[in-house]
Amino acid sequence: MKALKIFSVASIISACLIGCTNDFANLNTDPNAPTVVTADLLLTPILRSTVQSQFNYGNGADLARHVSRTNYNEVEQYSLGTNEGAWSAYYLRLNNIEEMIEVAERDHKTSAKAVAYILKAFTVASLTDLWGDVPYFEACKGGDLATPSYDTQKDIYTAEGGIISLLKEAEKLLSDPAADKLPSDIMYAGDRTKWRKLGNALRLRYLMRISNRASEISTYDIAREIAEMVKLPLPETNADNALLAYLPNNPNQCPIYVMRAGEFEYVRMSKESAETLNNLNDPRRAVWFARTANSSSAQPLYDGIPSGCSSTTLENMGYSSPDVSLLGDYFRAAPDGCNAVLMNCSEVMFLVAEAIVKGYTDGDAAAWYNKGIAASFEYYCKAAPGTDYMSQAEVAFDAGKGLQQIMTQKWLAQFFVGYEAWFDYLRTGYPEMKPLIDNRNPTRPGETPSRFYYPEDEQALNAANYAEAVARQGGKDDINTKLWWEK
């Protein structure tokens with residue numbers, strides 16, 4: 001791994017001040033411009049890049065089968081590469097978050113430090129959930145640690161200073177009534193209660209993610225941790241959603257709005273989305289997708305294509321453009337028509353429902369499940385789902401198939417929210433997905449992979465640690481190596 005020598009805001013300002021005489025400083029210092037970097041100043045670009053990267057209409061949506069593509073769909077076909085751009089972006093962000101933590105500690109800003117811990121936990125979880133074992137505890141240190149060792153996914157989640165530990169500490173800091181006030185921020189405007197809810201929601205997400213391996217964790221009891229989480233402040237309404245609104249002007253416009261026509265037309269409704277939404281007569285389909293060109297005003301039609309098919313396969317199967325839905329006006333009609341969502345409250349409600357079904361905590365799973373559906377409808381449709389929708393056999397909660405129902409509705413609610421729906425599929429096997437017709441998994445044809453390859457730079461610049469990590473995970477860098485928490 002390359003040493004991350006980031007030229008931060010602080011270093012740029014420091015360089016500008018070196019060698020200045022007193023007279024020069026007096027003449028050229030803007031009294032309205034800061035000369036000392038603060039944690040809240042660092043937070044804005046970190047938060048913007050973190051949240052907007054979650055608006056994933058690319059690899060995440062492809063793997064989760066929310067959408068399918070008519071071209072450039074190697075990821076859908078399980079011909080996975082290194083995803084090196086995302087790897088570099090995550091480590092750059094981790095480096096900047098570390099700087100924010102240092103500045104917050106310098107200035108004794110415990111609340112800002114807690115926010116940085118939340119963002120750090122989210123970022124490193126994204127890294128390890130996409131690649132498996134990754135450099136973490138020694139990463140972003142520079143100097144003699146320019147080639148950090150790889151940590152196991154288990155330790156990244158459960159060890160001191162790992163994901164769960166960071167979020168526990170954030171809850172401790174933010175729940176302290178004597179803690180300092182949070183500065184205003186671009187997501188929650190300095191509302192410490194909402195930040196506290198987000199940190200707890202993420203901890204519940206990650207505890208449920210690793211719950212398949214509860215018997216291997218000696219540092220704490222997963223079931224007890226989850227039961228305690230439900231008693232803490234959690235997002236309750238869409239007003240608690242962690243999101244950033246896209247804006248009318250560059251560089252903050254919805255990326256789908258600015259896609260060129262040809263690229264936009266590659267992205268279609270998937271067959272899984274079409275079948276699920278059509279079977280339920282789900283009104284969210286009209287938000288996410290456009291009706292087909294052969295629809296009529298009296299009969300709007302929505303249809304999708306099978307995921308991972310080559311253009312030749314699609315042609316041979318008889319799929320033509322007028323008969324297949326594109327993305328809807330929600331994403332395309334205006335530069336600020338939608339939001340980038342980091343985490344929505346409906347996910348939290350489905351997590352609680354799942355925890356109850358699995359016996360981790362007490363409660364009414366059906367009630368939490370229904371609340372999750374209602375929250376998603378309110379967010380996307382600005383209306384309740386209605387009795388006709390909720391009374392359908394596939395929707396009305398049935399304890400015998402509760403987990404499948406929860407995960408299917410959660411899959412829908414996670415539309416374009418990063419890789420979360422894909423991680424849930426790897427963890428639970430739901431919703432069930434059809435085998436790919438053109439599966440290009442290079443080492444296990446026909447199977448579903450679990451991770452991306454490590455970037456090639458790791459082999460060249462961090463060779464010894466890379467080799468050790470690969471050996472620990474089966475002896476080769478393979479996209480089919482199971483993640484530690486996987487089903």
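Helices here are DSSP runs of H or I with at least four residues, numbered from the N terminus. With that in hand, welcome to a short tour of this predicted model. Helix α19 gives the most to the lining of the largest pocket, with 5 residues. Beyond the pocket, the tour takes in 27 salt bridges, 0 disulfides and some backbone details worth a look in the viewer.

**The largest pocket**

- The volume of the largest pocket is about 450 Å³. Its lining is made up of 17 residues, and the closest to the centre are Thr276, Gln404, Thr408, Pro431 and Glu432.
- Two elements, α12 (271–279) and α19 (402–413), each give two or more residues to this lining.
- By residue class, the lining of the largest pocket holds 5 nonpolar, 6 polar and 6 charged residues.

**Salt bridges that reach helix α12**

- Side chains of opposite charge can pair when their charged atoms come close.
- Arg65 and Glu272 form one such salt bridge, and their closest N and O atoms are 2.7 Å apart. The partners come from distant parts of the chain, 207 residues apart: Arg65 sits in the loop between α4 (59–63) and β1 (67–69), while Glu272 belongs to helix α12. Both Arg65 and Glu272 are buried.
- Lys271 pairs with Asp303 in another salt bridge, at 3.1 Å from N to O. This pair also links distant parts of the chain, with Lys271 in helix α12 and Asp303 in the loop between α13 (285–288) and α14 (311–316), 32 residues apart.
- Is Lys271 buried or exposed? Lys271 has a relative accessible area of 15%, so it counts as buried, under the 20% cut-off. Its partner Asp303 has a relative accessible area of 25% and is partly exposed.

**Other salt bridges**

- Glu447 and Arg444 meet through their side chains in a salt bridge of 3.9 Å, N to O. Glu447 is partly exposed at 38% relative accessibility, and Arg444 is partly exposed too, with a relative accessible area of 35%.
- Salt bridges with shared partners tie Asp129, Arg205, Arg209, Glu347 and Glu420 into one network.

**Cysteines**

- A search of the whole structure turns up 0 disulfides.
- Why does Cys338 have no bond to Cys254? The sulfur of Cys254 is the closest cysteine sulfur to that of Cys338, but at 3.6 Å it is too far for a bond, because a disulfide needs the sulfur atoms within 2.5 Å.
- Cys338 is buried at 2% relative accessibility. Cys309 is likewise buried, with a relative accessible area of 0%.

**Cis peptide bonds**

- Between Asn250 and Pro251 the peptide bond is cis, with omega near 5°. Pro251 is found in the loop between β4 (242–245) and α11 (261–266).
- The bond from Tyr430 to Pro431 is cis as well, with omega near -5°. Pro431 lies in the loop between α20 (420–428) and α21 (456–461), and you have met this proline already among the residues closest to the centre of the largest pocket.

**Positive phi outside glycine**

- Tyr78 is not a glycine, yet its phi is positive, at about 65°. You can find Tyr78 in the loop between β1 and α5 (84–106), where it counts as buried at 2% relative accessibility.
- Ala189 is another residue other than glycine with a positive phi, near 55°. Ala189 belongs to the loop between α8 (163–174) and α9 (192–209), and it is exposed, with a relative accessible area of 54%.

How values were computed:
Residues numbered from 1 in each chain as written. Predicted model: local features only at pLDDT ≥ 70, side-chain atom pairs only at ≥ 80, totals over all residues. Heavy atoms only, no water. 1 Å grid on protein atoms, 1.4 Å probe; cavity = no way out; pocket = protein on both sides within 12 Å on 5 of 7 lines; lining within 4 Å. Points joined across faces, edges and corners; volume = space filled by probe spheres on them. Nonpolar A, V, L, I, M, F, W, Y, C, P; charged D, E, K, R; others polar. Salt bridge = Lys/Arg side-chain N within 4 Å of Asp/Glu carboxyl O. Buried < 20%, exposed > 50% of the residue type's maximum accessible area, 1.4 Å probe, protein only.
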